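Subject: Handing over the structure

Hello,

Here is the structure I promised to pass on to you. Please open it first, and then read my notes on what I found in it.

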Amino acid sequence: MMVSTSSSSSSSSRQFTNMQAPSLVADIAAISPACEEEPAPPLWPFLLPCSDSVGGNVFLGLAYGYLLLTAANLISEGSEELLEVLGPGLVGGLLLPALGAAPDALIILASGLRGTPEQAQEEVAVGLGVLAGSTILLATAAWGGCLLAGACDFDEETGRAKDRTLTRNPLTSPTTTGVTTDEQTTVGASLMAVSCLPFLVVQLPLIDKVDFGKEGPEFAFAGACVCFAGFVAYSAYQVASPWLQEKRLEEARLQLVKGRTISRAKALSRSWGGLINTKTGEVNVAAIDKLFTTFDSDGDQDLNLKELEALIIGLEVEHAGTIPTADEAKVWLNSFDLNADGKITREEFRTGMTRWLAQMEAAERKQNAQRMLSRGSATKMEEAQRILTIAALEAEEDEEEEEEEEEGEEGGALVFLKAGALIFGGLAIVATFADPAVGAIGRFSDAAGFNPFYVAFIATPFASNASEVVSSYLFAKKKRLRNISLTYSQIYGAVTMNNTVCLGIFLAVVYLRGLTWDFSAEVTTNVVVILAMALIGRSSTTFPSWTALPAITLYPLSIGLIAYLETSLGWH
């Protein structure tokens, strides 16, 4: 696509502006004067510190970044809690994706509402930097990092990743290790590509040698409408086919089954010597085999779905007064069935139970060590610290085990209140400190002589998207097929939300404040990166470890491409 350049005589005519901002927006803008008179933001009763120096604004940027990181984590945690109570569908398909995009959206909104239209035109570069940086970070660096974290050995016959099996280093064996997702995940990559459409709509007036009859803010308005229509369509799709939320529920259900199964199995196996040998501390394989034999009703040395349901009933694995059966049995089957043949062999049962026991024992040791640290002597504290270190090395999921077990005891109303408090708290923090954070970035850029777009592009997304990146990484690190599918589904969904909700808000601000849309370099780079990663994600369900290199490399290359288009080609 050709765009106008700074050297083009038609450049100024190709920029569309509407300098008559609505009175309501002008009133809002009036509350954000210069640094010397930095006002208190909404929900905050005191004036906030302000600086014109590089060091001062670095400190303020780090402080506000930490607050935004905290807010993002609160919103993410509250969203997961809410999903546990209300399940997939309307809430999972509409509310939760919007909440995930809230931190970036509020920062973008704050960047366009500061000061006069002329001041807002400068500050809006921060909002665009947040939007582009967040989107590209998720689509490239997070995508590649999760591939390396979740890499498993490839099966020589099928060419697919083996569930929870890694005997080679992905960095030294980049062609024989990697990840495999399910078919549904590729749909998310396709939707991510389609979500680029609003960028193309808003760029139409900037194409050289094409007369669209009229120019102006109508295209920003049209782009915003397409964005919000895309969000509604995407949410409707998620409501009608809530596969992503169902994956999250399956993972939560597995944590619940795991904790209660081990607890009940320990009690049942006491007459067989217990699951753990009290003298050696090792797993009692004979007791696990006895448990397997007890419920292998047909004696074929395999546990099928019906026998697993009987095992759950026999262990009295209760939750909220009921005994779960079919769904929990399927989750259990998927976790233990390494060769995906629809049944659990004796060896698979031993391996799975040993793994669950190790994770639960590590979690219990960590809990005991924390108690010792809080009330023990110096000697006990040293021992407790040693136990904590061992527990962290032995179990990847120790904290999740404790949290899920505690959550299983809570009533629905209590969880709902907790979720609401977390979400409201996170949104309140972002709403309060997004505007000062934008101001700190702008003033740092002025003091250091940097383009505020690049500062926001690099720095802010690591705070506003930290919860999504960390959550995806932890899911991938478990090295399961269903987890890596959930990981990439979350990444594709987050990018789609940025291209609909966040971009829609950005374009609405441009239209309402009468700002100039002239971001061809940034838009082109964003679209190229998203389409490239969508093509990779859509092309296959299996990705070798070497695929992470081009994905991660695209992140710094995108910054270089923007700089090249602006400085060498003169694109705005």
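Helix 5 and helix 20 pass each other in a left-handed crossing. This is a predicted model, so please read everything below with that in mind. Helix 5 covers residues 117-150, and its axis comes within 10 Å of that of helix 20, at a crossing angle of roughly 25 degrees. Since angles under 35 degrees count as roughly parallel, helix 5 and helix 20 are therefore roughly parallel to each other.

If you would like to see the contact itself, look at Leu128, Ala132, Thr135, Ile136, Ala139, Thr140 and Trp143 on the helix 5 side. They meet Glu522, Thr525, Asn526, Val529, Ile530, Met533 and Ile536 of helix 20. Sorted by class, the residues in this contact of helix 5 with helix 20 are nine nonpolar, four polar and one charged.

One residue of that contact is worth a visit: threonine 525, which lies in helix 20 (residues 520-539). Is threonine 525 buried or exposed? Threonine 525 has a relative accessible area of 0%, and because buried means under 20%, threonine 525 is buried. Leaving out residues up to four places away in sequence, threonine 525 touches Ile136, Ser558, Leu561, Ile562 and Leu565.

Next, helix 21. Leucine 554 sits in helix 21, and a relative accessibility of 22% makes this leucine partly exposed. Which residues does leucine 554 contact, apart from its neighbours within four places in sequence? They are Thr140, Ala532 and Met533. Leucine 554 and valine 529 are 25 residues apart along the chain, and their C-alpha atoms are separated by 7.2 Å.

Tyrosine 564 also belongs to helix 21, which runs over residues 548-567. Tyrosine 564 counts as partly exposed, with 45% relative accessibility. Between tyrosine 564 and alanine 521 there are 8.6 Å in space, C-alpha to C-alpha, while in sequence they are 43 residues apart.

There is another helix pair to look at. Helix 6 (residues 183-194) packs with helix 19 (residues 481-513) at an angle of about 15 degrees, and their axes are 9 Å apart. That angle makes helix 6 roughly parallel to helix 19. Helix 6 and helix 19 pass in a left-handed crossing. From helix 6, the contact takes in Thr185, Gly188, Ala189, Leu191 and Met192. Helix 19 brings Ser485, Tyr488, Ser489, Tyr492, Val495, Thr496 and Asn499. By class, six of the residues in this contact of helix 6 with helix 19 are nonpolar, six are polar and none is charged.

Now for two residues in loops. Aspartate 163 is in the loop between strand 1 (152-153) and strand 2 (177-180). With a relative accessible area of 15%, aspartate 163 is buried. Not counting residues up to four places away in sequence, aspartate 163 touches Asn334, Leu338, Lys479, Arg480 and Leu481.

The other is glutamine 301, found in the loop between helix 10 (285-295) and strand 3 (302-303). What is the phi of glutamine 301? Phi is near 65 degrees, a positive value in a residue other than glycine. For background, most residues other than glycine have a negative phi. Glutamine 301 is partly exposed, at 40% relative accessibility.

You may also wonder about the cysteines. How many disulfides does the count come to? The count comes to zero disulfides. Cysteine 225 is in no disulfide, and the nearest cysteine sulfur, that of cysteine 227, lies 9.2 Å away. A disulfide would need the sulfur atoms within 2.5 Å, which is why cysteine 225 and cysteine 227 do not count as one. Cysteine 225 is partly exposed, with a relative accessible area of 37%, whereas cysteine 152 is buried, at 3%.

Finally, the overall picture. The protein chain has 21 helices and five strands. Of its 572 residues, 51% count as buried. For contacts in the protein chain between residues at least 6 apart in sequence, 75% join residues at least 24 apart.

I hope this helps you find your way around.

Best wishes

Methods. Residues are numbered from 1 along each chain as its sequence is written. This is a predicted model: local features need pLDDT of at least 70, side-chain atom pairs count only at pLDDT 80 or more; totals for chains, interfaces and linings use all residues. Side-chain values use heavy atoms; hydrogens and water are left out. Buried means under 20% relative accessible area, exposed over 50%, partly exposed in between (1.4 Å probe, protein chains only). Axes are lines fitted to C-alpha atoms, for helices over the stretch in contact, and angles run from 0 to 180 degrees between N-to-C directions. Helices (H or I, at least four residues) and strands (E, at least two) are DSSP runs, numbered from the N terminus. Angles under 35 degrees count as roughly parallel, over 145 as roughly antiparallel, 65 to 115 as roughly perpendicular and the rest as oblique. A crossing is left-handed if the near helix is turned anticlockwise from the far one by less than a right angle, and right-handed if clockwise. Contact means heavy atoms within 4.5 Å. Ala, Val, Leu, Ile, Met, Phe, Trp, Tyr, Cys and Pro count as nonpolar, Asp, Glu, Lys and Arg as charged, and the others, Gly among them, as polar.
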